Amino acid sequence: MSNEQVTAGKAVGIHFTLKLCDGKVVDSSEGQDPMLYLHGQGNIVPGLEEQLDGKAVGDKINADVDPEQGYGIRNEAGMTEVPRTDFPDDVKFVKGMKFVFEVEGGEVAPGWVVDFTDETVMIDLNHPLAGEHLHFEVEICSVRDATQEELKHGHPHGAGGHEH
Ligand code: ZN
């Protein structure tokens, strides 16, 4: 039975609904395959990963996650204005669009478009859910050993996981 328990190195399939404090649903696996993630690899927010640890197939949990253990605290210094010319000419900007930027030290970080004009694009390096308390309703649908390849990649493959 231990094979059905959520521990590091397992590929875990979950159905989930993510709500904010006001009850607004911001993400859900409803109507799709269960989301597959690799336990212990930071594929999901730390606060949820911790609360799923040791659970088993069929378990249903409600996990409340603080911002610190979720998508982080909002950092107002994360707002930055980027010249339109730094982007390819053919980009059609939409609020909420995600880009990957090179930041100090040559590292890359995701950023989200919050506003734009013909000359500049306002980017927020905070995750859109930074600063939010997260309320997850989760059902554990499947647990299996991850393959060597999945462990090497740091994410699971197949339906609900990475397709490549
Ligand atoms: Zn892969």
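## Contacts and pocket in a predicted model

The chain contains zero disulfides. The model is a predicted one. Two cysteines can be placed by their accessibility: Cys21 is exposed, with a relative accessible area of 57%, while Cys141 is partly exposed at 28%.

**Fold and overall dimensions**

The chain has two helices and nine strands. Their order along the sequence is β-β-β-α-β-β-β-β-β-β-α. The C-alpha trace spans about 60 × 40 × 30 Å along its principal axes. Of the 164 residues in the chain, 34% are buried.

One residue of strand β7 serves as an example of position and exposure. Val108 belongs to strand β7, which covers residues 108-116. Val108 is exposed, because its relative accessible area of 56% lies over the 50% cut-off. Between Val108 and Asp89 there are 21 Å in space, C-alpha to C-alpha, for a separation of 19 residues in sequence.

**Salt bridges**

The count of salt bridges is six. Three of the pairs are listed here, each with its N to O distance.

| Pair | N to O distance | Separation in sequence |
|---|---|---|
| Lys10 and Asp145 | 2.6 Å | 135 residues |
| Lys19 and Glu137 | 3.2 Å | 118 residues |
| Arg74 and Asp124 | 2.8 Å | 50 residues |

Lys10 and Asp145 form a salt bridge whose closest N and O atoms are 2.6 Å apart. Lys10 lies in strand β1 (residues 10-19) and Asp145 in strand β9 (residues 134-145), so this pair ties together parts that are 135 residues apart in sequence. What is the relative accessible area of Lys10? Its value is 8%, and Lys10 is therefore buried, the cut-off being under 20%. Asp145, by its value of 47%, is partly exposed.

Lys19 and Glu137 also meet through their side chains in a salt bridge, at 3.2 Å from N to O. This pair links distant parts of the chain, with Lys19 in strand β1 and Glu137 in strand β9. Lys19 is partly exposed, with a relative accessible area of 26%. Glu137 is partly exposed as well, at 37%.

The side chains of Arg74 and Asp124 meet in a salt bridge at 2.8 Å, N to O. Here too distant parts of the chain are linked: Arg74 is in the loop between β4 (60-65) and β5 (79-83), and Asp124 is in strand β8 (residues 120-124). Is Asp124 buried or exposed? Asp124 is buried, with a relative accessible area of 6%, whereas Arg74 is partly exposed at 34%. Arg74 and Asp124 also belong to a network of salt bridges that includes Glu76.

**Aromatic pairs**

The count of aromatic pairs is six. One of them is formed by Phe87 and Phe101, an edge-to-face pair with 6.1 Å from centre to centre and 85 degrees between the planes. The pair links distant parts of the chain, since Phe87 sits in the loop between β5 and β6 (98-102) and Phe101 in strand β6, 14 residues apart. The edge-to-face label follows because the angle of 85 degrees is over the 60 degrees required. Phe87 is buried, with a relative accessibility of 8%. Phe101 is likewise buried, at 15%.

Which residues form one aromatic cluster? They are Phe87, Phe93, Phe99, Phe101 and Phe116.

**The largest pocket**

The volume of the largest pocket is about 200 Å³. The residues that line the pocket are Ile14, Phe16, Leu18, Asp27, Met35, Asn43, Ile44, Val45, Leu48, Tyr71 and Phe136. Which element gives the most to this lining? Strand β1 does, with three residues. By residue class, the lining holds nine nonpolar residues, one polar and one charged. The charged residue is Asp27 and the polar one is Asn43, because Asp counts as charged while Asn is among the others.

Strand β1 thus appears in two of these contexts: strand β1 holds Lys10 of the salt bridge to Asp145, and β1 contributes three residues to the lining of the largest pocket.

Note on methods: Residues are numbered from 1 along each chain as its sequence is written. This is a predicted model: local features need pLDDT of at least 70, side-chain atom pairs count only at pLDDT 80 or more; totals for chains, interfaces and linings use all residues. Side-chain values use heavy atoms; hydrogens and water are left out. A salt bridge is a side-chain nitrogen of Lys or Arg within 4 Å of a carboxyl oxygen of Asp or Glu. Helices (H or I, at least four residues) and strands (E, at least two) are DSSP runs, numbered from the N terminus. Buried means under 20% relative accessible area, exposed over 50%, partly exposed in between (1.4 Å probe, protein chains only). A disulfide is a pair of cysteine sulfur atoms within 2.5 Å. On a 1 Å grid over the protein atoms alone, a cavity is a set of points where a 1.4 Å probe fits but cannot get out, and a pocket is an open set with protein on both sides within 12 Å along at least five of seven lines; lining residues have an atom within 4 Å of a point. Grid points are joined across faces, edges and corners, and a volume is the space filled by probe spheres set on the points. Rings of Phe, Tyr and Trp (its six-membered ring) pair if their centres lie within 6.5 Å; planes under 30 degrees apart count as stacked, over 60 as edge-to-face and the rest as tilted.
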